[in-house]
Amino acid sequence: QVQLVESGGGLVQPGGSLRLSCATSGSLFSIYIMGWYRQAPGKQREFVAAITNDGSTNSADSVKGRFTISRDNNKNTMHLQMNNLKPKDTAVYYCNAVGNGMDFWGKGTLVTVSS
């Protein structure tokens, strides 16, 4: 069974930082891409950042310069370093991975940016 588990969310003041992690387990192979999505209250899910199997990265314009996505060498753990957080970043952040010919999602971790 493939499982993705996010961690690192919490409450942070504007301008602060958080580092999210996504740990994968199970027989996940042939990973094409891993990424982060978020869903803010009252809004639809949106793309945040992604990293391909060869290490190429992409991020949404709203987080460029502030968020950095990375992946461990074993490719089983992914991270999202979030700096200069803003209230608009408040959302549930979801880990996503594509592999085994299927799409896998974590349960999400809540990030709240508030003073």
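**Salt bridges, aromatic pairs and the nonpolar core**

In the predicted model, the side chains of Arg38 and Asp89 meet in a salt bridge, with a distance of 2.9 Å from N to O. Because Arg38 belongs to strand S4 and Asp89 to the loop between S8 and S9, this pair ties together parts of the chain that are 51 residues apart in sequence. Both partners are withdrawn from the surface by the criterion applied here, under 20% relative accessible area: Arg38 is buried at 4%, and Asp89 is buried at 0%.

The loop that carries Asp89 runs between strand S8 (77-82) and strand S9 (91-99). The side chain of Asp89 makes a polar contact of 2.9 Å with the side chain of Arg38, and a further polar contact, of 2.7 Å, joins the side chains of Asp89 and Arg66. When neighbours within four places in sequence are left aside, the residues in contact with Asp89 are Arg38, Arg66, Phe67, Asn84, Val111 and Val113, a list in which the two arginines named above appear beside Phe67, Asn84 and the two valines.

Side chains of opposite charge can pair when their charged atoms come close. Across the whole structure, 4 salt bridges are found. One of these joins Glu46 to Arg38, with the closest N and O atoms 2.6 Å apart; here the acidic partner, Glu46, is partly exposed at 33% relative accessibility, whereas Arg38 is buried. Salt bridges link Arg38, Glu46, Arg66 and Asp89 into a network. A salt bridge is also formed by Asp61 and Lys64, whose closest N and O atoms lie 3.5 Å apart. In that pair, Asp61 is exposed, with a relative accessible area of 67%, and Lys64 counts as partly exposed at 46%.

Strand S4 also takes part in an aromatic arrangement. A pair of aromatic rings is described by the distance of the centres and the angle of the planes. The structure holds 2 aromatic pairs, one of which is formed by Tyr37 and Phe47 in an edge-to-face geometry, at 5.7 Å from centre to centre and with 75° between the planes. Since Tyr37 lies in strand S4 (residues 33-39) and Phe47 in strand S5 (residues 46-52), the pair ties together parts that are 10 residues apart in sequence. Phe47 is partly exposed, with a relative accessibility of 28%. Ring pairs link Tyr37, Phe47 and Trp105 into a cluster. The ring of Tyr37 additionally has the charged end of Arg45 sitting over it, 4.8 Å from the ring centre.

In soluble globular proteins, nonpolar side chains tend to be buried together. The largest nonpolar core of the model comprises 28 residues, and those with the most contacts inside it are Trp36, Leu80, Met82 and Tyr93. Two or more residues are given to this core by each of strand S3 (18-25), S4, S5, strand S7 (67-71), S8, S9 and strand S11 (109-113), with the largest share, 4 residues, coming from S9. For Met82, with neighbours within four places in sequence again left aside, the contacts are Gly16, Ser17, Leu18, Leu20, Arg66, Phe67, Tyr93 and Val111. Among these contacts of Met82 are Arg66, Phe67 and Val111, which are likewise listed as contacts of Asp89.

Definitions and conventions. Residues are numbered from 1 along each chain as its sequence is written. This is a predicted model: local features need pLDDT of at least 70, side-chain atom pairs count only at pLDDT 80 or more; totals for chains, interfaces and linings use all residues. Side-chain values use heavy atoms; hydrogens and water are left out. Rings of Phe, Tyr and Trp (its six-membered ring) pair if their centres lie within 6.5 Å; planes under 30 degrees apart count as stacked, over 60 as edge-to-face and the rest as tilted. Buried means under 20% relative accessible area, exposed over 50%, partly exposed in between (1.4 Å probe, protein chains only). A charge sits over a ring if NZ of Lys or CZ of Arg is within 6 Å of the ring centre and within 35 degrees of the ring normal. A polar contact is a pair of N or O atoms within 3.5 Å; within protein, one must be able to donate a hydrogen and the other to accept it, and residues adjacent in sequence count only if both atoms are side-chain atoms. Contact means heavy atoms within 4.5 Å. A nonpolar core is a set of buried Ala, Val, Leu, Ile, Met, Phe, Trp, Tyr and Cys residues joined through side-chain atoms within 4.5 Å.
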